[in-house]
Amino acid sequence: LALEPQDKLTLVRVAKLYFTYLNDPVRAVTYLKQAELVDPTDATVLNMLGVGNAQMKNYPEAIRAFKQAIELNPQDMYADMNLGYLYERIANFDSARHYYFVSLRKHPRNPLVYENIASFLLARAQFVVAESVLIAGARMLPGNEEILYMLGLTYQLWNRNEDARRVFGNGLALVERNVTVQKDRAGSYALKALFLARTGKARESVRATIEAFRRDSTNYEIAFKIARVYAALGDRENMLTWFKRAKAVNPAEYDVAFVATALDFEKYRKDQELLSIAAQEK
């Protein structure tokens, strides 16, 4: 950048470093604004600007960036989904639902879309719609264990316990087959722990969380999945400990609005200590 301060690719790369490794959306947005000035038609830059501004809670600017990204590239993989996620966070639920389903229609093979829609629907006890979406997702992505987990959770929250046991069992068998061959071994063990927690195998579940953390002790997403495991097990103290660990690394993501729909936190959405941790800015 010192040699060529208007090089868009380098500006974006520096912004990604601030996002990914330094958890500094303010600095990231500074570089992305420069990249937007260089090329105001780059949908990827605008989508990243939307994410950064959303993390800074500059919601009007985030909405502008996401909508502009969609206009420039209607088939962008993430802009509609990110816009739905943002609207959900600011309690504009009609708009959130609209953009989530637009994203699903455009990108039915994107597993993140199913995760966002499922958490949105399950938090509102919309089990029929969630079942329909997730069954379609399981057919579209038959090797995706997380979709099976969300479908099993749908049935469990719906008190369809036989269906929940069947789906959780199928998902656990799938993740156990895949855990030794997938590149994201830590994530696979964390997911295995979730399945074990939901099938009543608490000790095995805890052992799987230990293995997940052993394989990647620096990843805040692994820490958050372990918090989910303890939430599913009903272990409040460990849930709070691991949520606090994830929050310390990524304070912008795990806020109060996030807790309101996060998968596996059904029992703790109004827990005052959890909400106090989530409300912390740093």
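**Close-up 1. Helices α2 and α3 pack side by side, their axes coming within 9 Å.** In this predicted model, helix α2 covers residues 25-38 and helix α3 covers residues 43-55, and their axes cross at roughly 150 degrees. An angle over 145 degrees counts as roughly antiparallel, so that is the label for α2 and α3. The crossing of α2 past α3 is left-handed. If you would like to find the contacts yourself, look on the α2 side for Pro25, Val29, Leu32, Lys33, Ala35 and Glu36. Their partners on the α3 side are Val45, Leu46, Met48, Leu49, Gly52, Asn53 and Gln55.

**Close-up 2. Phenylalanine 127 and tryptophan 158 form one of the 18 aromatic pairs in the structure.** A pair of aromatic rings is described by two things, the distance of the centres and the angle of the planes. Here the ring centres of phenylalanine 127 and tryptophan 158 are 5.9 Å apart, and because their planes are at 25 degrees, the pair is stacked. Phenylalanine 127 belongs to helix α8 (residues 127-140), while tryptophan 158 sits in the loop between α9 (145-157) and α10 (161-178), so the pair ties together parts that are 31 residues apart in sequence. Are these two residues buried or exposed, or something in between? Phenylalanine 127 is buried, with a relative accessible area of 15%, and tryptophan 158 is partly exposed, at 24%. Tryptophan 158 has another neighbour to look for: arginine 160 lies over its face, 4.5 Å from the ring centre.

**Close-up 3. Phenylalanine 224 and phenylalanine 243 make an edge-to-face pair.** Their ring centres are 6.4 Å apart, with the planes at 65 degrees. Phenylalanine 224 comes from helix α13 (residues 220-233) and phenylalanine 243 from helix α14 (residues 236-249), so this pair ties together parts that are 19 residues apart in sequence. Phenylalanine 224 is buried, with a relative accessible area of 8%, and phenylalanine 243 is buried too, at 0%. Which aromatic cluster do they belong to? Both are members of one that also includes Tyr220, Tyr254, Phe258 and Phe265.

**Close-up 4. A charged end sits over a ring where arginine 124 meets phenylalanine 120.** The distance to look for runs from the charged end of arginine 124 to the centre of the phenylalanine 120 ring, and it is 4.1 Å.

**Close-up 5. Serine 103 is a buried residue of helix α6.** Helix α6 takes in residues 93-106. The relative accessible area of serine 103 is 1%. Which residues does serine 103 touch, not counting those up to four places away in sequence? They are Met77, Asp80, Met81 and Val113.

**Close-up 6. Glutamate 145 is a charged-type name to look up in helix α9.** With 7% relative accessibility, glutamate 145 counts as buried. For a sense of scale, follow the chain eleven residues to glutamine 156: the C-alpha atoms of glutamate 145 and glutamine 156 are separated by 16 Å.

**Close-up 7. Isoleucine 210 is an exposed residue in helix α12.** Helix α12 is made of residues 202-215. Isoleucine 210 has a relative accessible area of 53%, and exposed means over 50%, so it earns that label. Alanine 193 is 17 residues away along the chain, and its C-alpha atom is separated from that of isoleucine 210 by 9.3 Å.

Methods: Residues are numbered from 1 along each chain as its sequence is written. This is a predicted model: local features need pLDDT of at least 70, side-chain atom pairs count only at pLDDT 80 or more; totals for chains, interfaces and linings use all residues. Side-chain values use heavy atoms; hydrogens and water are left out. Helices (H or I, at least four residues) and strands (E, at least two) are DSSP runs, numbered from the N terminus. Buried means under 20% relative accessible area, exposed over 50%, partly exposed in between (1.4 Å probe, protein chains only). Rings of Phe, Tyr and Trp (its six-membered ring) pair if their centres lie within 6.5 Å; planes under 30 degrees apart count as stacked, over 60 as edge-to-face and the rest as tilted. A charge sits over a ring if NZ of Lys or CZ of Arg is within 6 Å of the ring centre and within 35 degrees of the ring normal. Axes are lines fitted to C-alpha atoms, for helices over the stretch in contact, and angles run from 0 to 180 degrees between N-to-C directions. Angles under 35 degrees count as roughly parallel, over 145 as roughly antiparallel, 65 to 115 as roughly perpendicular and the rest as oblique. A crossing is left-handed if the near helix is turned anticlockwise from the far one by less than a right angle, and right-handed if clockwise. Contact means heavy atoms within 4.5 Å.
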